[in-house]
Amino acid sequence: MTKQRWIRRALSNVTSKSRKRSQSNCTDLEELSEVVPPMPAAKSTALFTQDPMKVPCMGGCVELQEHSKHLLPEEVVLFEPTEEEIFAEPKARHGSRLIFLNTPLLPSEVDALVALRKEWMRRGKGRDDLPEFIRLSALRIMQHKRFDPSRAMDLVQTCLDERVRRLPLREEDLLADLSYGAMYWHGRDRKCRPCLVVRIERFAELIKERERCI
């Protein structure tokens with residue numbers, strides 16, 4: 001089952017439950033779906049073998065096995081975080097943001113993204129817009145580099161060299177390493193955040209080869 005299919009299934013379940021809650025709202029959603037044309041489908045492999053600047057910011061593992069129906073449950077799609085859940089310190093000027101997507105940005109964060117775009121253009125990359133592989137992570141990168149555009153651009157280059165240029169990866173090529181159980185996702189917490197488990201002691205065999213670890 002492709003990624004597009006399980007996402008559509010999850011959204012379909014959400015729409016079904018929402019219809020029971022509010023028939024009028026679902027009618028609006030149905031009318032909107034008729035107006036907005038469907039996105040063109042593309043094989044996941046093709047997405048990661050094009051111009052590096054157009055490579056998606058998520059994914060990269062292709063030829064996946066069938067996904068669990070619990071990977072994207074309805075409660076995750078419908079979850080609406082509070083301000084306390086979006087920021088570690090809501091009252092701080094630059095309190096660490098914990099949720100970066102589908103939430104309103106602060107004016108200071110918008111200014112930070114503008115500064116990052118200007119730094120991108122200043123370095124003479126020949127493009128006015130940020131590359132696809134970094135757009136959704138731009139604010140996260142700026143926060144990680146304490147809102148320093150120059151240092152953030154250095155990290156963007158690292159993402160290009162150490163991630164984008166290694167894609168795509170086939171799932172069957174990774175299963176042997178994943179079977180060590182050194183790192184894996186294990187459910188979600190009460191705020192719908194995925195829980196990543198890291199077992200350092202199980203990295204013994206993997207760290208012998210740098211590329212396998214990366």
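Biologist: Is Val164 buried or exposed, and what is its relative accessible area?
Modeller: In this model, which is predicted, a residue counts as buried when its relative accessible area is under 20%. Val164 falls below that cut-off and is therefore buried, its relative accessible area being 4%.

Biologist: Where in the chain does Val164 sit, and which residues does it touch, not counting those up to four places away in sequence?
Modeller: Val164 belongs to the loop between α9 and β2, the latter covering residues 169–170. Its C-alpha lies 8.9 Å from that of Pro56, although the two residues are 108 apart in sequence. Once residues up to four places away in sequence are set aside, the residues that Val164 touches are Pro52, Val55, Phe133 and Cys159.

Biologist: Which residues have the most contacts inside the largest nonpolar core?
Modeller: The largest nonpolar core holds 17 residues, and α6, α7, α8 and α9 each contribute at least two of them. The largest share, 4 residues, is supplied by α9. Inside this core, the residues with the most contacts are Leu116, Leu130, Phe133, Ile134 and Val156.

Biologist: Which residues does Leu116 touch, leaving out those up to four places away in sequence?
Modeller: Leu116 is one of the residues with the most contacts inside the largest nonpolar core. With residues up to four places away in sequence left out, Leu116 touches Leu130, Ala138, Met142, Pro149, Ala152 and Met153.

Biologist: Turning to charged side chains, which parts of the chain does the salt bridge of Glu109 and Arg97 tie together, and how many residues apart are they in sequence?
Modeller: Side chains of opposite charge can pair when their charged atoms come close. The whole structure contains 9 salt bridges, and one of them joins the side chains of Glu109 and Arg97 at 2.7 Å, N to O. Because Glu109 lies in helix α6 (residues 107–122) while Arg97 lies in the loop between α5 (83–86) and α6, the pair ties together parts of the chain whose separation in sequence is 12 residues.

Biologist: Are Glu109 and Arg97 buried or exposed, and at what relative accessibility?
Modeller: The cut-off for a buried residue is a relative accessible area under 20%. Glu109 is at 4% and counts as buried, and Arg97 is also buried, with a relative accessible area of 2%.

Biologist: How many residues apart are Arg122 and Glu119 in helix α6, and which of the two is exposed?
Modeller: The side chains of Arg122 and Glu119 form a salt bridge at 2.8 Å, N to O. They are 3 residues apart in helix α6, so about one helical turn separates them. Glu119 is buried, at a relative accessible area of 10%, whereas the exposed partner, at 60%, is Arg122.

Biologist: Which residues do salt bridges with shared partners join into one network?
Modeller: Asp154 and Arg123 also meet through their side chains in a salt bridge, at 3.1 Å, N to O. Asp154 is in helix α9 (residues 149–162) and Arg123 in the loop between α6 and α7 (132–135), so this pair ties together parts that are 31 residues apart in sequence. Both are partly exposed, Asp154 with a relative accessible area of 40% and Arg123 with 32%. Salt bridges that share partners link these residues into one network, whose members are Glu119, Arg122, Arg123 and Asp154.

Biologist: How many disulfides does the structure hold?
Modeller: Two of the cysteines can be placed by their accessibility: Cys159 counts as partly exposed at 23%, and Cys195 is likewise partly exposed, at 28%. A disulfide would require two cysteine sulfur atoms within 2.5 Å, and the number in this structure is 0.

Biologist: Over which residues is the pLDDT below 50?
Modeller: The chain averages a pLDDT of 75, and 74% of the residues score at least 70. Among its elements, helix α8 (residues 138–144) has the highest mean, 91, and helix α2 (residues 23–35) the lowest, 47. Where pLDDT is low, the predicted coordinates should not be read in detail. The stretch with a pLDDT below 50, which has 7 contacts in the model beyond near neighbours in sequence, covers residues 17–30.

Biologist: Taking the chain as a whole, how many helices and strands are there, and what percentage of the residues is buried?
Modeller: The accessible surface of the chain comes to about 15300 Å², with 54% of it belonging to carbon and sulfur atoms. The chain has 11 helices and 4 strands, and of its 214 residues the buried share is 24%.

Conventions
Residues numbered from 1 in each chain as written. Predicted model: local features only at pLDDT ≥ 70, side-chain atom pairs only at ≥ 80, totals over all residues. Heavy atoms only, no water. Salt bridge = Lys/Arg side-chain N within 4 Å of Asp/Glu carboxyl O. Buried < 20%, exposed > 50% of the residue type's maximum accessible area, 1.4 Å probe, protein only. Areas by Shrake-Rupley, 256 points an atom, 1.4 Å probe, with all protein chains shown as cover. pLDDT = per-residue confidence, 0-100. Contact = heavy atoms within 4.5 Å. Core = buried A, V, L, I, M, F, W, Y, C linked by side-chain atoms within 4.5 Å.
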